[in-house]
Amino acid sequence: MNAARGWRFAGPAPILGGMGTIARFNPLRAFADLRRFLASRGRHEIIFLFAALFISGGIVVGFAVASKVDKPYVAPDIIYVQSWRADRTDAEIIAQQKIDMEKKKIQDAKEAEFEAKKRAEFKRVGDQLRKWGI
């Protein structure tokens, strides 16, 4: 290597070829290495290792079990489109619009009442949290 050119990067090591990472993996040697590692540890370290694995595994399993939430069935809200005759008169159209306007006013009143109820609930919770200094 030429000292004037500096260090040269040969690129990443091959994963599958020759002495690559995967080619060197042997499950039996890995198991033997684990046995040697555990044999060099004290009894209390092994006990704490398995206790930590058990507790961590229990937490992971607990989250996995608790993550299953049954979603209640909600019937789909189907909106049908009304079809009107093409030969309707203006008077029929205006009469139908008046009927629809009354239905819309009733629906708007229900929505306003619902929103007022929700607003009052949030205000009550907000007042309770203010008492605690939150």
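**A quick note on this three-helix chain**

1. Let's start with how little is tucked away. Buried residues make up just 1% of the 134 residues in the protein chain. Keep in mind as you read that this is a predicted model. The accessible surface of the chain comes to about 13400 Å², and carbon and sulfur atoms account for 65% of that surface.

2. Next, the layout. Which elements do you meet going along the chain from the N terminus? The order is α-α-α. The secondary structure amounts to three helices and zero strands, so don't go hunting for a sheet here.

3. Now look at α1, which covers residues 27-39. This helix has 13 residues and reaches 18 Å from its first C-alpha to its last, close to the 18 Å expected at 1.5 Å a residue. How many of the 13 residues in α1 are buried? The count is zero, and α1 is hardly covered. At the start of α1, check Asn26: one of its side-chain oxygens comes to within 3.1 Å of the backbone nitrogen of Leu28.

4. On to the loop between α2 (43-66) and α3, where you'll find Asp87. Is Asp87 buried or exposed? Asp87 counts as exposed because its relative accessibility is 59%, and the cut-off for exposed is over 50%. The side chain of Asp87 also has a partner: it makes a polar contact with the side chain of Arg85, at 3.2 Å.

5. Then comes α3, running over residues 90-131. With 42 residues, α3 reaches 60 Å from its first C-alpha to its last. That is close to the 62 Å expected at 1.5 Å a residue. While you're tracing a helix like this, here's a handy rule: an α-helix has 3.6 residues a turn, so residues three or four places apart point the same way. Just after α3, take a look at Gly133, which has a positive phi of about 85 degrees.

6. Last stop, the largest pocket. Its volume is about 180 Å³. Which residues line the largest pocket? They are Ile79, Gln82, Trp84 and Asp100. Sorted by class, that lining has two nonpolar residues, one polar and one charged. Try finding these four in the structure above and matching each to its class.

Definitions and conventions. Residues numbered from 1 in each chain as written. Predicted model: local features only at pLDDT ≥ 70, side-chain atom pairs only at ≥ 80, totals over all residues. Heavy atoms only, no water. Helix = DSSP H or I, 4+ residues; strand = E, 2+ residues; numbered from the N terminus. Expected span 1.5 Å × (residues − 1). 1 Å grid on protein atoms, 1.4 Å probe; cavity = no way out; pocket = protein on both sides within 12 Å on 5 of 7 lines; lining within 4 Å. Points joined across faces, edges and corners; volume = space filled by probe spheres on them. Nonpolar A, V, L, I, M, F, W, Y, C, P; charged D, E, K, R; others polar. Buried < 20%, exposed > 50% of the residue type's maximum accessible area, 1.4 Å probe, protein only. Areas by Shrake-Rupley, 256 points an atom, 1.4 Å probe, with all protein chains shown as cover. Polar contact = N/O pair within 3.5 Å; in protein donor to acceptor, adjacent residues only side chain to side chain.
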